[in-house]
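Please open the model in your viewer and keep the selection tool at hand, since each stop on this tour begins with something to pick out.

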Amino acid sequence: MKRAVKILFAATVSALLAVGGAVVATGAEAAEPDPVFGVPVFNDPVGSEAAQYAIFQQLARLIDRVPAGETIEMSWFEFKTPDYADTAARPNITDRLIKAHRRGVNVRILLDGKVTDGSSNATQPPYLRLKPELGTNETASSYILLCAKNKGCIGKRKIGDADAYNHNKFLTATKVVLNNGAVKTGVVFQSSGNLGTWDADTAYNNAITWTEASSYANYKAYFNDLKKYRTSSTGDDNYYRVGASADQYKTHFFPRKETNEDVNQASTDTIVNILDSVKCSYVGQTDGKPHQTDIRIVMWALTRTAVTKKLADLVKDGCWVDVVYSTTSTSALHALQDVGNREIGITSCGVQYDNRTIKAHSKYMLIDGAYDDDQIPRVFMGSHNYSITALRNADESMVRIRDASVHGAYLHSNFYKVRDFCRTNTSAAAAATTVLSDEAALRFDEG
């Protein structure tokens, strides 16, 4: 079959440069700018130090503004930043958490039992410094805990050679007080990035912070369940929880188990379910003119064939699909390319730059067009890769943001920059290394 497939090889970029760290409640440091709410933050690994650590700055600003008596809860796959001087441009998150705890904030942390190089978070500087500060008593007001090694906190089962894991990257805070005294309650920070220097200076990531009572309550319940199942030998391999569709920030928590013993089952693939609600051709509600729906993706791991097949089907139905990935599988890529005589954007990401390989580590999908019964642009973002393990045996969080301004910020401040940087700078040889065999893709360590 003849195919007209436009494959755009590339690597990654991003921006939305924020400068600064956070206001320390003790007054020990000069006031730094407030965190932003309802506005995505992107780092730029090829930019200045401040640009690289933009997401760290947002997180530090939140931590610093939680007052005494309030609570921070956070769950991360990797927390392995080395000890370095804490500055406004390059905040030391461990330092900020210790300061928060010492001013009377309850600090509760759940980490995965290993990191991608095979060693445990327990051997990393943040854990070694926070353990004596917070303790490991899960009934106390503060603690730092690990999921079992080679298992998630909730997800426990092994799929082939792939162990379960806690892949989350979120923080909640009961209250944040801004520089002008304004109070934000029920705060959620969700990121695609781990807390390591690689995630700042080598990988493109994104994050967003918001307040919404219902989705905040969902994150709180999820954190409690992560702790609840942490010591369980069986966990809950079909934990899947979904927030209310009416929420601006609709939550999705994993793992989600198949119903037919086939981990590739499309009917229980959340991303396929989402794409099933897309209509490719529609008449605009405001201008009365015909339009096509646009779907754009930046993804660290795109290895689920059910997802790429659905994307290709939508291209055939008239949607525009534009994908940037850092890792895919042979089968997933072939399915994505199978669009007949239609055009699709496919950009692989891996750019040699200043002795490091720049990658896209974000995990987001943008939909602009007809979806169910509305035409509101939306963003799906979080820790969830489009891989088998992210769906079936990992602890993951993903949120749907239904907001035209947020979608526009992702599109214009990040997607085009990442795609164009990758397309221009990823060599054919580097692009070839981003395609794994199906077997290797299942074993691929998530980030």
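The tour goes through a pocket and then a sheet with a helix across it, in a model that is predicted.

Begin with the largest pocket, which has a volume of about 240 Å³. Select S245, K250, S277, Y371 and D372, which are the closest to its centre among the 17 residues that line this pocket. If you then colour the lining by residue class, you should find 4 nonpolar, 5 polar and 8 charged residues.

Which elements supply at least two residues each of this lining? Select β12 (249-254), α7 (270-275), β23 (378-382) and β24 (394-402), for each of them does so, and pause on α7, from which the largest share of the lining comes, namely 3 residues.

Next, move to the sheet by selecting β9, β20 and β19, 3 strands that form an open sheet in the order β9-β20-β19 with mixed pairing. Look at β9 (203-204) and β19 (351-353), which stand at the edges and have a single partner strand each, so that one side of each is left without a neighbour in the sheet.

Now select β19 together with strand β20 (residues 356-360), and follow their antiparallel pairing over 3 bridges. Within this part of the sheet, pick Y353, and you will find it opposite R356 in β20.

Finally, add helix α11 (residues 404-425) to the selection, which lies across β9, β19 and β20. If you turn the view until both α11 and β19 can be followed along their lengths, you can see that the helix runs at about 85° to β19.

Key. Residues numbered from 1 in each chain as written. Predicted model: local features only at pLDDT ≥ 70, side-chain atom pairs only at ≥ 80, totals over all residues. Heavy atoms only, no water. 1 Å grid on protein atoms, 1.4 Å probe; cavity = no way out; pocket = protein on both sides within 12 Å on 5 of 7 lines; lining within 4 Å. Points joined across faces, edges and corners; volume = space filled by probe spheres on them. Helix = DSSP H or I, 4+ residues; strand = E, 2+ residues; numbered from the N terminus. Nonpolar A, V, L, I, M, F, W, Y, C, P; charged D, E, K, R; others polar. Pairing = 2+ DSSP bridges. Contact = heavy atoms within 4.5 Å. Axes fitted to C-alpha atoms, helices over the stretch in contact; angles between N-to-C directions.
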